[in-house]
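This report describes the fold, the sheets, the pockets and selected backbone features of one protein chain. The sequence and the structure are shown first, and the description follows.

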Amino acid sequence: MALLTRVPFFRDCGLDLETLEKRCIVKRFDDGEVVLDFDDHTSDVYFLASGDVRVLFRTQAGKEVIFGDLRSGQFFGELAAIDNVPRSANVTALTRAEMVIMSANIFRESVFGTPTLSERMMKILTARTRELNARLMEQAVLDLRHRLYSELLRLSLPRPGHEGERVITPPPFHHVLAARIGCRREQVTREFTTMTEQGLVEKTRGAIILKKPSVLEQRIAEALREGE
């Protein structure tokens, strides 16, 4: 069975995925291996059949900021395939990963020639634009405490069997959270100490539990109103 069947983007799109995959390259990456780097002039699109990767952006001053992690079933590299501009991000494997690498020409042919994929691509790009707009607003208006609240909520999922709680598993390291919101690791550690004392979070060996996510949401809303 084609690895592309693991990618929701291609689900029920009407294409013969086995034939499509034969026109692509299947490659495996080890934990910590760089998949793409800044200013790379390639334009292939990478579909994650298994494994996780991390996406980093670099500022003009050379500071690296974690944009997010992608998991099995997701894909990246589509911007360069669309506009042929050098890569703006670094992508590194967090675990052993298997990817289907599709050339820009085949990607464009598949998307533009298939209405279902065209609509999905537009929705994906729209969602990413909205997320970037939200992050830009957070950076402009919120202090690091409230940016941390937002990031924790963004990373979390409902906690099974515990109504009203959310969970992040595996728990990210403090330096990773700091890189996501643009601050220092020590600042994140201090905020976690405060949140723990207030009963807002609980840290276990395998997870960060948001005990009162509604309180975090309320505090973010109040901070946004004050910043208007």
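## Second largest pocket

The model discussed here is predicted. Its second largest pocket holds about 330 Å³ of space. The lining of this pocket consists of 17 residues, and those nearest its centre are Val-65, Phe-67, Arg-135, Gln-139 and Arg-180. By class, seven of the lining residues are nonpolar, three are polar and seven are charged.

Several secondary-structure elements contribute to this lining. Strand E4 (53-58), strand E5 (64-70), H4, helix H5 (144-155) and helix H6 (174-181) each provide at least two residues. The largest share, five residues, is supplied by H4.

## Largest pocket

The largest pocket encloses about 1400 Å³ of space. Its lining comprises 48 residues, with Val-55, Phe-67, Gly-68, Asp-69 and Leu-70 closest to the centre. Phe-67 is thus named among the central residues here and also among those nearest the centre of the second largest pocket.

Helix H4 (residues 115-141) gives the largest share of the lining of the largest pocket, namely eight residues. In terms of residue class, this lining contains 27 nonpolar, eight polar and 13 charged residues.

## Helix H6 and its surroundings

Helix H6 supplies at least two residues to the lining of the second largest pocket. Is this helix enclosed by the rest of the structure or not, and how many of its residues are buried? Six of the eight residues of H6 are buried, so the helix is largely enclosed by the rest of the structure. The buried residues are His-174, Val-176, Leu-177, Ala-178, Arg-180 and Ile-181. Arg-180, buried in H6, is also one of the residues nearest the centre of the second largest pocket.

The packing partners of the buried H6 residues are E4, E5, H4, H5, helix H7 (185-197) and strand E11 (201-203). After H6 comes Gly-182, which has a positive phi, near 75°.

## Overall organisation

The chain has 228 residues, of which 43% are buried. Its secondary structure amounts to eight helices and 12 strands. Along the principal axes, the C-alpha atoms fill a box of roughly 55 × 45 × 35 Å.

When contacts between residues at least 6 apart in sequence are considered, 69% of them link residues at least 24 apart. The accessible surface of the chain is about 12900 Å², and carbon and sulfur atoms account for 52% of that area.

## Strand pairing

Strands of a sheet pair through backbone hydrogen bonds, in either a parallel or an antiparallel sense. One open sheet has four strands in the order E1-E8-E3-E6, paired antiparallel. Strand E1 (25-29) and strand E6 (75-76) are its edge strands, each pairing on one side only. Within this sheet, strand E3 (residues 45-50) and E6 are joined antiparallel by two bridges, and Tyr-46 lies opposite Phe-76 in E6.

Another open sheet of four strands follows the order E9-E10-E12-E11, again with antiparallel pairing. Its edges are strand E9 (157-158) and E11, each pairing on one side only. Three bridges connect E11 with strand E12 (residues 208-210) in the antiparallel sense, where Glu-202 stands opposite Ile-209 in E12.

Strand E4 pairs with two strands. Six bridges link E4 to E5 in an antiparallel arrangement, and five antiparallel bridges link E4 to strand E7 (residues 89-93). Phe-57 has Val-65 in E5 as a bridge partner and also stands opposite Ala-89 in E7.

## Backbone features in the loops

Which peptide bond is cis? The bond from Thr-169 to Pro-170 is cis, with omega near -5°. Pro-170 belongs to the loop between strand E10 (166-168) and H6.

Two aspartates have positive phi values. For Asp-12, phi is near 55°; this residue lies in the segment before helix H1 (17-22). Because its relative accessibility is 72%, Asp-12 counts as exposed. Asp-39 has a positive phi of about 65° and is located in the loop between strand E2 (34-36) and E3. With a relative accessibility of 55%, Asp-39 likewise counts as exposed, since the cut-off for that class is over 50%.

Terms used:
Residues are numbered from 1 along each chain as its sequence is written. This is a predicted model: local features need pLDDT of at least 70, side-chain atom pairs count only at pLDDT 80 or more; totals for chains, interfaces and linings use all residues. Side-chain values use heavy atoms; hydrogens and water are left out. On a 1 Å grid over the protein atoms alone, a cavity is a set of points where a 1.4 Å probe fits but cannot get out, and a pocket is an open set with protein on both sides within 12 Å along at least five of seven lines; lining residues have an atom within 4 Å of a point. Grid points are joined across faces, edges and corners, and a volume is the space filled by probe spheres set on the points. Ala, Val, Leu, Ile, Met, Phe, Trp, Tyr, Cys and Pro count as nonpolar, Asp, Glu, Lys and Arg as charged, and the others, Gly among them, as polar. Buried means under 20% relative accessible area, exposed over 50%, partly exposed in between (1.4 Å probe, protein chains only). Contact means heavy atoms within 4.5 Å. Accessible areas come from the Shrake-Rupley method with a 1.4 Å probe; for residues, only the protein chains shown count as cover. Two strands pair if DSSP finds at least two bridges between them.
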